[in-house]
Amino acid sequence: MYYSTIEILNKKIIFYKKNTSLLSILQQNNINIAYQCKSGYCGTCRVEIIKGKIIYSIKQPIAALFKTNEIFPCCCQPNGDIIIKI
């Protein structure tokens, strides 16, 4: 079975299976981040992606003031190996 990795910059490497939200993967590995809406509206869960790709289960999160490298773990899935900064 193939697993990909999520590296939390300078902290931890997590192995995961596809088709799971990034928030769920983080929670399953005792990495707790704040979140509220679980749909990309509030932006509470935003983290920085350093390397790799993610897929949004919704068309585009609409949280205000999101920057190029910010992602929303509540509504995205990692697509292959990624590195994030929390």
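Strands here are DSSP runs of at least two residues marked E, numbered from the N terminus. By that rule, Ser4 has its place in strand S1. The model is a predicted one.

Start with the whole sheet. Five strands build it, and the sheet is open. Their order is S2-S1-S5-S3-S4, with mixed pairing. S2 and S4 are the edge strands, each of them pairing on one side only.

Now take one end of that order. Strand S1 covers residues 4–8, and strand S2 covers residues 12–16. The two pair in the antiparallel sense, over five bridges. One residue pair shows the match: Ile6 has Ile14 in S2 as its bridge partner. S1 and S2 form a hairpin with three residues between the strands. In this hairpin, Asn10 takes a positive phi near 60°.

Go back to Ser4, in strand S1. Is this residue buried or exposed? Ser4 has a relative accessible area of 2%. Buried means under 20%, so Ser4 counts as buried. What does Ser4 touch, once its neighbours within four places in sequence are left aside? Its contacts are Ile14, Phe15, Tyr16, Gly80 and Asp81. Strand S2, residues 12–16, holds Ile14, Phe15 and Tyr16. Strand S5, residues 76–85, holds Gly80 and Asp81.

Phe15 deserves its own look. Its place is in strand S2. The relative accessible area of Phe15 is 59%. Exposed means over 50%, so Phe15 counts as exposed. Phe15 also belongs to a nonpolar surface patch. Tyr3 and Ile13 make that patch together with Phe15, and its area is about 340 Å².

Move to the other end of the order. Strand S3 spans residues 47–56. It is joined to S4 by two bridges, and these strands run antiparallel. Glu48 finds its bridge partner in S4, and that partner is Glu70.

Just past S4 comes another phenylalanine. Phe72 lies in the loop between strand S4 (70–71) and strand S5 (76–85). Why does Phe72 count as buried? Its relative accessible area is 0%, and the cut-off for buried is under 20%, so the label follows. Along the chain, Phe72 and Thr44 are 28 residues apart. In space, their C-alpha atoms are separated by 8.2 Å.

Set the two phenylalanines side by side. Phe15 is exposed, whereas Phe72 is buried. Phe15 sits in a strand, while Phe72 sits in a loop.

Notes: Residues are numbered from 1 along each chain as its sequence is written. This is a predicted model: local features need pLDDT of at least 70, side-chain atom pairs count only at pLDDT 80 or more; totals for chains, interfaces and linings use all residues. Side-chain values use heavy atoms; hydrogens and water are left out. Two strands pair if DSSP finds at least two bridges between them. Helices (H or I, at least four residues) and strands (E, at least two) are DSSP runs, numbered from the N terminus. Patches are made of residues with over 30% relative accessible area and no salt bridge: like charges are joined within 9 Å, nonpolar side chains (Val, Leu, Ile, Met, Phe, Trp, Tyr) within 5 Å. Accessible areas come from the Shrake-Rupley method with a 1.4 Å probe; for residues, only the protein chains shown count as cover. A salt bridge is a side-chain nitrogen of Lys or Arg within 4 Å of a carboxyl oxygen of Asp or Glu. Buried means under 20% relative accessible area, exposed over 50%, partly exposed in between (1.4 Å probe, protein chains only). Contact means heavy atoms within 4.5 Å.
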